[in-house]
Amino acid sequence: MVPLVSFKQFVNDMRRQKLRTAMTMFGIFWGTCSIVLLFAFGKGLTEAQLRSMRGMGENIAIFWEGITAQEYKGLPKGRRIHFTEDDVTQIRQRGQHVERISAEYISYDVNIKYGKQSTARNIHGVWPEYGPMRNVNPVFGSRFINDRDMAERRRVVVIGNLLAEDLFGEDDPVGKEILVNGVPFKVVGVMKKKQQDSSYSGRDSRAGFIPSTTYRSMHSRRYLNNFVVQCKPTSTMLQTRREIYEIMGAKYKFDPSDTKAMAVWDTTEGFAFLKTFFIAFSAFLVGIGVATLITGGIGVTNIMNVVLEERTKEIGIKMAMGARKSFILWQFVTETLLITAVGGLLGFLFAWLLVSVFPAFNLEDYVGTPTINVWGGVIVIVILGLVGLGAGIFPARRAANLQPVQALKLF
Amino acid sequence: MIDLKDVEKTYVTGTVEFKALKGINFRAEKGEYISVVGPSGSGKSTLMNIIGCLDVPTAGEYYLEGRPVIEMTSNQLADIRNRKVGFVFQAFNLLPYATSFENVEVPLLFAKLNGRYRRRRVLEVLAQVGLADKVNNKPTELSGGEMQRVAIARALANEPDIILADEPTGNLDSASGGEIVRIFDELNKLGKTIIIITHDVNIASRTDRIVKLKDGLVESNGNML
């Protein structure tokens, strides 16, 4: 073990060779910083995409009426299949794979008024389960439609966050009364702001949601616009769809394999694609990361080699003055480790700083919120450190194994 | 004190062998002041490097204070270089980025001496060579003579018994060279064993004994006092 007293010399050496130390440190700094940023933004982007994909709801499918395309049990093809709220109730009772389900009536461009503010937006008549399933989540201090609203056909409404801004500006809408087509409704909920990249009837942020029972009492409508199903986490949407076709097929007499009888949008299909895409995207990022690491490693190795000549002489002088082999090696190892640690840490902190100030640029809707991966940073620093160590220690060992006179190039 | 018997040194460069020393016998007693002379390529520097443990012989025996150097480990050799022998080079071999103080401190650091002692000792030896006012100068800020005096101070730092100097005035003008030689004279009076390689007849004539080398052999061993 070399005592601490040698540490002074080591610090001296580092201080004296500013350029070399700074260049090596910068190599490590840059490598660490770029890889940490690469992964931070990659992760942010992936999560933003997945979040806005989930904005309409996770593991859901939407069913619309259709026209049969096959003859079935003596009945002709070309029959229109509508559904009612009773059908949806029946699916909920009998469906083994159904986690949540909701009927949905929609009225388009309904006049909505609060005080002097007036606008025309869509009104959805839905069930309480619709909220959690479709990610229409209430902000703190408000709620979604509940079972009592349904049972008592209350005139309550949950409004999208942008509709709330349009009508109320900065004011709190909860508890206030608005006019929907001239009928007074009490606002019980405001939807939490969300990312939504797909829809089938306009964005939820500008819509209003009322109990389906209330909707039916105001409109003499028999048939639904559509219903929305969420499958159980343990089931696949394909199983769920098949089950629903069987239940509805038995009731309305159509072949369960007749896909034209009901139109369906299975959002899990797009989700599966996106997941595959992001696995490929991550692999791409890892590829770039590896390339950056190699570049950084080559840089560090180069710097170490450039100073080899100067260092060999220095090693020779020190050995002539009585330095042991172990000291020479110890000095190289500590030096490299310290340079790597400081450079890596600075790179990491710089990346962290950039990520921290990033929200100020208001670009999060486009590229997501970058997230630092601490372990990724540590791995990068360790790899660059090993590269630097390899680049530094082999020449040092070669020099330390020479006779002092050879290192001094005296012969 | 220094006793070399039939020492040979062969350098191999690729397939070419060069025999620098062909069987040298050399003795030096404590307190002797010796100059080594001879034409270029006669093996002077090689002999000096072997005596200073900067290099090892290919064959023969070398006893330093009665101990066989041939059998020593690399750590033991490092300790000898650190404490027993002070080496002064023609090209000074100072660390270019360090001050006079830091250069002289190097052997003291390797000897694991404490900071207060090191500081006192560095200032002491720098004063001894007349550089008390150049403690914080780097080699680039010193003249050739001053650099060589820093190197001598460094060689003296650990109070070695033996000082080896390989053409210490070779890179200096005659005035600076004269000062360096006077320092060696004084050191010898203090009891140090001093061996100097030189081409300069004036320097050689001041020493107690002149050893002549030719073609890797001792041509004349001078007169032992």
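Student: Which residue does Glu8(B) stand opposite in E4(B)?

Tutor: Quick background: this is a predicted model, where local features need pLDDT of at least 70, side-chain atom pairs count only at pLDDT 80 or more, and totals for chains, interfaces and linings use all residues. Residues are numbered from 1 along each chain as its sequence is written, while chains are lettered from A and ligands numbered from 1 in the order in which they are written. Strand E1 (residues 2-13) and strand E4 (residues 59-64) of chain B run antiparallel, joined by 5 bridges (helices, H or I with at least four residues, and strands, E with at least two, are DSSP runs numbered from the N terminus). Across from Glu8(B), in E4(B), you'll find Ala59(B).

Student: Which strands are at the edges of that open sheet?

Tutor: Walk through the order in chain B: E2-E1-E4-E5, 4 strands with antiparallel pairing (two strands pair if DSSP finds at least two bridges between them). An edge strand pairs on one side only, and that fits E2 (16-28) and E5 (67-68) of chain B.

Student: At about what angle does H1(B) run to E2(B)?

Tutor: Helix H1 (residues 44-51) of chain B lies across E1, E2 and E4. Axes here are lines fitted to C-alpha atoms, for helices over the stretch in contact (C-beta atoms, placed from the backbone, within 7 Å), and angles run from 0 to 180 degrees between N-to-C directions. For H1(B) against E2(B), that gives about 60°.

Student: Why do the buried residues of H4(B) line one face of the helix?

Tutor: They are Arg118(B), Arg121(B), Val122(B), Val125(B) and Leu126(B) (buried means 20 or more other C-beta atoms within 10 Å of a residue's own, exposed 12 or fewer, partly exposed in between, with C-beta atoms placed from the backbone). The arc to look at is that of the directions from the helix axis to the C-beta atoms. Looking down the axis of H4(B), the buried residues line one face because they fall within an arc of 130°.

Student: Which helices do those buried residues pack against?

Tutor: The face turned away from the buried side carries exposed Arg116(B), Tyr117(B) and Arg120(B). On the buried side, the partners in chain B are helix H3 (100-110) and helix H5 (144-156).

Student: Which residue in the turn between E9(B) and E10(B) has a positive phi?

Tutor: E9 (residues 209-214) and E10 (residues 217-220) of chain B run antiparallel with 3 bridges. They form a hairpin with 2 residues between them, and the one with a positive phi, about 50°, is Asp215(B).

Definitions and conventions:
Two residues are in contact if their C-beta atoms, placed from the backbone, lie within 7 Å.
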